[in-house]
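Biologist: I should like to learn how to read a structural model feature by feature. May we begin with a single residue and work outwards?

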Amino acid sequence: MQRLEQALQNQGYHVVNIDYPSTEYGIEYLADMAVSNGISVCEEKGANVVHFVTHSLGGILTRYYLEKNRLDKLGRIVMLGPPNQGSEVTDALEDQLLYRYFFGPAGQQLGTDPDSFVNSLGPVSYPVGVIVGSEAAFFDRYFSDIIPGKDDGKVSVERAKVKGMSDFLILPYAHPYIMEEDEVISQTLHFLKHGSFLHQRDSDFAGSDNGEQ
């Protein structure tokens, strides 16, 4: 997230870039660890508004935290490649030891079943912009074959959506690198400032019903 962090700093944002042990704990513990830590540092710096920019699981941690906690200083949120409705990769591989090793307890919570942990989270009621990729990295081709429709190698375009989202953007990038792309960085900055993305492709936003698809 370093390029994105630098770009935000260049625009005058104070950035708290939080790392967390994503493969060691479940979503509940990670959300309390990472999100609350980030908010605390922002408040120590005197922030009047707290925005979030997340990648992948980070979007789920943020949703879970905000469902359980009130944040009066909440601004806007940009989620990059979030498995908001789970991932078929989890469905296919959750019982395999290698998957458990690399994705940990939180990875077990990203199934697509209607009663899965991630799908038990409610719709968002705050400004959220979602950017999802539509190309898979070469080492994610196997995962991409598991996922129906367009995907970024980890998450399908459709399952990145969340009910209540303000805007949605599909860009031709892969899941592991999407946060490094200049176009993604500029779109992130635009959403934080204006609450919407700049739509340059007809298929950027699939519908206008705020994620009710």
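Biologist: Where is Lys161 found?

Modeller: The first step is to place a residue among the secondary-structure elements. In this predicted model, Lys161 sits in the loop that joins α6 to β4.

Biologist: Is Lys161 buried or exposed?

Modeller: One reads this from the relative accessible area, and a value under 20% counts as buried. Lys161 has a relative accessible area of 3%, so it is buried.

Biologist: How far apart in space are Lys161 and Pro83?

Modeller: Separation in sequence and separation in space should be read side by side. Lys161 and Pro83 stand 78 residues apart in sequence, while their C-alpha atoms are 8.1 Å apart.

Biologist: Which other residue of that loop may serve as an example?

Modeller: Met165 also belongs to the loop between α6 (141–146) and β4 (167–171). Its relative accessible area is 0%, and Met165 is therefore buried. From Met165 to Leu4 the C-alpha distance is 22 Å, with their positions 161 residues apart in sequence.

Biologist: How should I read a backbone angle, and what is the phi of Ser56?

Modeller: Most residues other than glycine have a negative phi. Ser56 is not a glycine, yet its phi is positive, at about 55°. This residue occupies the loop between β1 and α3. With a relative accessible area of 17%, Ser56 is buried.

Biologist: What can be said of Gly58, in helix α3?

Modeller: Gly58 is a part of helix α3, and its relative accessible area of 10% makes it buried. Gly58 and Met79 are 21 residues apart in sequence, and 7.9 Å separates their C-alpha atoms.

Biologist: How does one recognise a nonpolar core, and which members of the largest one touch the most other members?

Modeller: In soluble globular proteins, nonpolar side chains tend to be buried together. Here the largest nonpolar core has 36 residues, and Ile27, Leu57, Leu61, Val130 and Phe168 touch the most other members. At least two residues of this core come from each of α2 (27–44), β1 (50–55), α3 (57–68), β2 (74–80), β3 (128–133) and β4. Helix α2 gives the largest share, seven residues. Another core lies apart from it and has 18 residues, including Val15, Ile131, Leu171 and Phe191.

Biologist: With which residues is Leu57 in contact, neighbours within four places in sequence aside?

Modeller: A contact list shows which parts of the chain meet at a residue. For Leu57, with those neighbours left out, the list is Tyr20, Ser22, Ile27, Leu30, Pro83, Ala106 and Leu110.

Biologist: Let us turn to Lys193, in helix α7. Is Lys193 buried or partly exposed?

Modeller: Helix α7 covers residues 182–194 and includes Lys193. Lys193 is partly exposed, since its relative accessible area is 43%. Leaving out residues up to four places away in sequence, Lys193 touches Gln11, Tyr13 and Arg76. Thr54 is 139 residues from Lys193 in sequence and 16 Å from it in space, C-alpha to C-alpha.

Biologist: How many helices and strands does the protein have, and in what order do its elements run?

Modeller: An overall view begins with the list of elements. The protein has seven helices and four strands, and from the N terminus the order is α-α-β-α-β-α-α-β-α-β-α. Its radius of gyration is 16 Å, close to the 17 Å that the globule rule gives for 213 residues, so the protein is as compact as a globular protein of that length. Along the principal axes, the C-alpha atoms fill a box of roughly 45 × 40 × 30 Å.

Biologist: What share of the residues is buried, and what share of the surface do carbon and sulfur atoms supply?

Modeller: Of the 213 residues, 49% are buried. The exposed area is about 10,500 Å², of which carbon and sulfur atoms supply 47%.

Biologist: How are the contacts and the charges of the whole protein summarised?

Modeller: Among contacts with a separation of 6 or more, 72% join residues 24 or more positions apart. The protein has 16 positive and 30 negative charges, and the mean positions of the two sets are 5 Å apart.

Notes. Residues numbered from 1 in each chain as written. Predicted model: local features only at pLDDT ≥ 70, side-chain atom pairs only at ≥ 80, totals over all residues. Heavy atoms only, no water. Rg over C-alpha atoms; globule rule 2.2 N^0.38 Å. Buried < 20%, exposed > 50% of the residue type's maximum accessible area, 1.4 Å probe, protein only. Contact = heavy atoms within 4.5 Å. Areas by Shrake-Rupley, 256 points an atom, 1.4 Å probe, with all protein chains shown as cover. Lys, Arg positive; Asp, Glu negative; His and termini not counted. Charge placed at Lys NZ, Arg CZ, Asp CG, Glu CD. Core = buried A, V, L, I, M, F, W, Y, C linked by side-chain atoms within 4.5 Å.
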